[in-house]
Amino acid sequence: MPVPVLLVTGFLGAGKTTVVNHLLANAEGRRIAAIVNDFGAINIDAELLAGASDGVVSLSNGCICCSLEGDLLRTLSTLLRRDPRPDYIVIETSGVADPADIVRNLMDPVILREAPLETVLCVMDAATPPAALDDALQRSQLRVADIVALSKLDLADEGAGARMREAIRAQRVPAVIVDAKHGEIPSALLFPASDRTPAPREPGPKRPAEDRFETLSWSSDRPLSLPRLQQAIGRLAPKLARAKGLFEAVEQPGRQMVFQFAGGRATLAPGDPPAPGVPRSRIVFIAELGVLSKAELDALMDGCVASG
């Protein structure tokens, strides 16, 4: 029996991980396998999703989560050999990935027979300025979508959702547009009840790869000072597209904090106790090429390390 694939795309910080988290936590009896395709040397996304960053992690509701290491088709093949097989496979793309390339890979005849692409979901921050849709990558993410989910509506002003809907329709995107408060999307849209094999889709013309973003990773075996970190992020913010990580704060010893920066907003949330054998603090920073130097980043972040 073929295993349908849901492809989740969207720009940096749009809220893709929140959507995948919600799907895994509310599987409603479905065995969902989630493949996390993180952009960066430190696989923070897998840790946030499943509490571990290596291998396949089994969840108590029958779902599993794994990190994408190497070839996507090989990872899919591994999941399809599991017993029992998953009912659905969710692939979360990198925020800087052109989904047309991934769609093209999924049109491989062998994969199409075993794991057909059922739905493409594009997650978009409702507070995104409509002018941002002039960006070629964001247009590509929209154009392959069957469903566009507007996220972070609680953080945007009252008219943001309506403005974004109008801007998306102006792009002549045929997708269904839905609100995704706290990552929640009607499961009937994402997992249609059907035994049919989806027809191959045209991913569009292949464009030359363009390295637009770079990842700078920073880590330390010592805890950080929260006030110093706040000052450092304030200085880095104008240059950042995205940042995410885990760190131990000197003000709250013995546990990790989950740090996220997207759309100019930084958030902190309590995390699990630090795992043995890994740095206490590790953060991935994503910026456009040439905007942020490693020397500048290291100088600012090293200044956050607690003395003593």
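Helices and strands are DSSP runs, numbered from the N terminus. On that basis, Arg282 belongs to strand β13. The model is predicted.

Strand β13 is part of an open sheet. Five strands make up this sheet, in the order β9-β13-β10-β11-β12, and their pairing is antiparallel. In general, strands of a sheet pair through backbone hydrogen bonds, either parallel or antiparallel. The edges of the open sheet are β9 (213-220) and β12 (265-270), each of which pairs on one side only. From one strand to the next, the twist averages 20°. Strands β10 (residues 242-249) and β13 (residues 281-288) pair in the antiparallel sense over five bridges. Within this pair, Phe285 of β13 stands opposite Ala243.

Helix α9 (residues 226-236) packs on the sheet. The strands that α9 touches are β10, β11 (252-262), β12 and β13. The direction of α9 makes about 170° with that of β10. Helix α10 (residues 294-302) lies across β9 and β13. Relative to β9, helix α10 runs at about 35°.

The two helices also meet each other. The axes of α9 and α10 come within 9 Å and cross at roughly 155°. Angles over 145 degrees count as roughly antiparallel, and α9 and α10 are therefore roughly antiparallel to each other. On the α9 side, the contact is made by Leu229, Ala232, Arg235 and Leu236. Helix α10 contributes Leu297, Leu300 and Met301. By class, the contact has six nonpolar residues, no polar residues and one charged residue.

Arg282 merits separate description. Its relative accessibility is 8%, so Arg282 counts as buried. The backbone oxygen of Pro279 lies 3.1 Å from a polar atom of the Arg282 side chain. The C-alpha atoms of Arg282 and Trp218 are separated by 5.7 Å, although these residues are 64 apart along the chain.

A second buried position occurs in strand β1 (residues 5-9), where Leu7 is placed. Leu7 has 0% relative accessibility and therefore counts as buried. Between the C-alpha atoms of Leu7 and Glu92 the separation is 6.3 Å, with their positions 85 residues apart along the chain. Beyond its neighbours within four places in sequence, Leu7 is in contact with Ile91, Thr93, Pro99, Ile102 and Val103. Leu117, Thr119, Val120 and Leu121 are also in contact with Leu7.

Backbone geometry is the remaining topic. Most residues other than glycine have a negative phi, and most peptide bonds are trans. A cis peptide bond joins Asp83 and Pro84, with omega at about 5°. Pro84 lies in the loop between α3 (72-80) and β5 (88-92).

Arg172 has a positive phi of about 55° and is not a glycine. The loop that holds Arg172 runs between α7 (160-170) and β8 (176-179). With a relative accessibility of 76%, Arg172 counts as exposed. His182, likewise a residue other than glycine, has a positive phi near 55°. This histidine, His182, is found in the loop between β8 and α8 (187-190). At 62% relative accessibility, His182 counts as exposed.

Technical notes
Residues numbered from 1 in each chain as written. Predicted model: local features only at pLDDT ≥ 70, side-chain atom pairs only at ≥ 80, totals over all residues. Heavy atoms only, no water. Helix = DSSP H or I, 4+ residues; strand = E, 2+ residues; numbered from the N terminus. Buried < 20%, exposed > 50% of the residue type's maximum accessible area, 1.4 Å probe, protein only. Contact = heavy atoms within 4.5 Å. Pairing = 2+ DSSP bridges. Axes fitted to C-alpha atoms, helices over the stretch in contact; angles between N-to-C directions. Polar contact = N/O pair within 3.5 Å; in protein donor to acceptor, adjacent residues only side chain to side chain. Parallel < 35°, antiparallel > 145°, perpendicular 65-115°, else oblique. Nonpolar A, V, L, I, M, F, W, Y, C, P; charged D, E, K, R; others polar.
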